[in-house]
Amino acid sequence: MILLCLALLSAIGFMTIGARGNWGFILEFRGTKLLALLLVAYAVSVSTVLFQTVTNNRILTPSIMGIDALYVLLQTVLIFAFGAQAISALDPQIKFLIEAGCLTVFALILYRFLFFGVFRDVHLLLLSGLFFGLLFRSVSGLLQRIIDPNDFVILQDSLFASFNSVDKSLLGVSVAVIVLVSVIGVKIFSRFDVMLLGRDSAISLGVNHTRNAVFILALASVLVAVSTALVGPVTFFGLLVANLAYIVLPGAKHKHVLPAAILIAFICLSSGQLVLERLFDFNTALAILIEFAGGLFFIGLILRRGVR
Amino acid sequence: MIHVRNATKSYDGDLVVDDVTLSLKRSGVTSIIGPNGAGKSTLLSMIARLINMDGGEITIDGLNIATTDGLELAKRLAVLRQDNHITARLTVRDLVAFGRYPHSKGRPNENDLEHVNRALAYLGLTDLSGRFLDQLSGGQRQRAFVAMTLCQDTDYMMFDEPLNNLDIHHAVSMMKLFRQAARDFGKTVVVVIHDINFASCYSDHIIAMKDGKVAEQGSPDQIIDASILSDIYNTPFQVQNINGQMIATYYGA
């Protein structure tokens, strides 16, 4: 409840503080940004919480599965193969759908291959995710070194998460995807909770662990695809909000944790963007602030674990 | 009835469970004993469908575990393994309430709550029900998991070394609880157990395993026998009848 109020407050703050001139324009301009923030907050927090539920680990995020690394590779390959100009000319909606599709398909192939193959081990899955992430990063690094310098500048620009340059035309598609994912997800909230108990207990309670794990990971990767395509890789952020949500609501079920994580994410993003725009005069990128806070938090988490 | 036919499992070419065929009767406490690596836990896990078989067939009340719906089986058979690690912070009550999932699908009703309270009371956890699992001792946590399994209210309950972490008082009361569940409610309890004397005093049936095979099975009077046990464990045993209880000692002279 408190979170909801805070979220509304930060939204109103974002919409009004420092507003001068034509209200119609401001509302539309900032409203679009706010919607984008909300979508990203939703996608990042839900995907991280679900991912952590399946892997039974609170330090992992989808980025460890190499999903955002694949996004970077995808961008690099596109620009490398067709040149920056051809890519800029491409309809952003089509580009978005292709990217989101690629990420999801990749994730599903990885999961299916591992879960239905000889190995049924989450650790192995994560290890291969790590491996693929490294592979994607290395290949992108190589391509970026031999790419046309002009193209490289454009590429680099598109790789840093930016909430200022959200493409309006993508919002519609994202909303549709997110609503679809949510409708599916809400039906099986209680199954998510059971998954938290780990594989053995889940099976004992009659939940098909393998099938649900694949399904949940698929949902998570669709969401990662949405947020990454909208604003670039910000997966560290998920770690931050997911763990804050666990702290705020200890021992809570998914139907409470998920909304809490979304609200926290939204508060962080909208107030962060507000501070950024009004205090720093757009002098820095929100992603940098988030990575800074997220990094500190991550170190804190690891240290606290070590003490226990 | 649980029927196991030609169950086989190997890890990297090592046969862990070697062509085991056995039947477990309805109601009663069955203990599975045997040395390390005899395949006890693997057999239990296969019956509880936690591990896939390499070959063979297992049926529970005529339902093939490989083809029957998971939720349907979860209403008949519950299992608890060792080392239950949960990263989420859960209270004891929340954990125990999960046992009702196969019946409630996440929407517990009055009846479910009653089951939860009864299971908490059975294991002496009522006072601790609001505590988080990470605030409990190993033994208390173990009891909480057993309470969850009881709460599932299935005809068959399987436990892999349920006495781990328990002091003598709680170990005895847990075995008594199993026996009571078997006698009063006709439950079938299967435990993998290391302490032979607990198996001797509280089971109706003992299965002794060695090298992936069932070496011997029968009533405690038949199995708790110096020559049989010496054979299974490769250690000299002595068995005494103390007030009608067969007690094995193996602290070699």
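Start by selecting residues 205-210 of chain B: this is strand β9(B), which pairs with β10(B) in the antiparallel sense over five bridges. For one pair to click on, take B:Ile206, whose bridge partner in β10(B) is B:Gly218. Keep in mind as you go that this is a predicted model.

**The six-stranded sheet of chain B**

Now widen the selection to the sheet around that pair. Six strands of chain B form an open sheet with mixed pairing, in the order β6-β7-β8-β3-β9-β10. Look at the two ends: β6(B) and β10(B), the latter spanning residues 213-218, are the edge strands, and each has a single partner, so one side of each is left without a neighbour in the sheet. If you view the strands against one another, neighbours in this sheet are turned by 15 degrees on average, direction ignored.

**The four-stranded sheet of chain B**

Next, select β2, β1, β4 and β5 of chain B. In that order these four strands form an open sheet, and the pairing here is antiparallel. The edges are β2(B), residues 14-24, and β5(B), residues 63-64; each has a single partner strand, so one side of each lacks a neighbour in the sheet.

Move inwards to β1(B), residues 2-11, and β4(B), residues 55-60, which run antiparallel and are joined by five bridges. Pick B:His3 and you will find its bridge partner, B:Thr59, in β4(B). Then add residues 40-47 of chain B to the view: this is helix α1(B), which packs on the sheet and touches β1, β2 and β4 of chain B. The direction of α1(B) makes about 125 degrees with that of β1(B).

**A hairpin in chain B**

Go on to residues 238-242 of chain B. How many of the five residues of strand β11(B) are buried? The count is zero, and the strand is hardly covered. Its antiparallel partner is β12(B), residues 245-249, with five bridges between the two strands. One of the places to stop is B:Asn241, bridged to B:Met246 in β12(B). Between the strands of this hairpin lie two residues, and B:Asn243 takes a positive phi near 50 degrees.

**Where chain B meets chain A**

Display both chains together and look at the contacts: 25 residues of chain B are in contact with 20 residues of chain A. On the chain B side, the elements giving two or more residues are α2 (70-74), β6 (77-80), α3 (92-98) and α4 (101-104) of chain B. Which of the elements gives the most to the side of chain B that touches chain A? Colour α2(B), which contributes four residues. Colouring that side of chain B by residue type gives 14 nonpolar, six polar and five charged residues.

**Chain A**

Finish by selecting chain A alone. You should see 13 helices and zero strands. Of its 308 residues, 43% count as buried. Among contacts in chain A between residues at least 6 apart in sequence, 81% join residues at least 24 apart.

Before zooming in, colour chain A by confidence. Its average pLDDT is 75, and 77% of the residues score at least 70. Confidence in chain A is lowest in helix α1(A), residues 2-16, at a mean of 67, and highest in helix α9(A), residues 199-204, at 84. Where pLDDT is low, the predicted coordinates should not be read in detail.

Terms used:
Residues are numbered from 1 along each chain as its sequence is written. Chains are lettered from A and ligands numbered from 1 in the order in which they are written. This is a predicted model: local features need pLDDT of at least 70, side-chain atom pairs count only at pLDDT 80 or more; totals for chains, interfaces and linings use all residues. Two strands pair if DSSP finds at least two bridges between them. Two residues are in contact if their C-beta atoms, placed from the backbone, lie within 7 Å. Axes are lines fitted to C-alpha atoms, for helices over the stretch in contact, and angles run from 0 to 180 degrees between N-to-C directions. A residue is buried if 20 or more other C-beta atoms lie within 10 Å of its own, exposed if 12 or fewer, and partly exposed in between; C-beta atoms are placed from the backbone. Ala, Val, Leu, Ile, Met, Phe, Trp, Tyr, Cys and Pro count as nonpolar, Asp, Glu, Lys and Arg as charged, and the others, Gly among them, as polar. pLDDT is the predictor's confidence in each residue, from 0 to 100.
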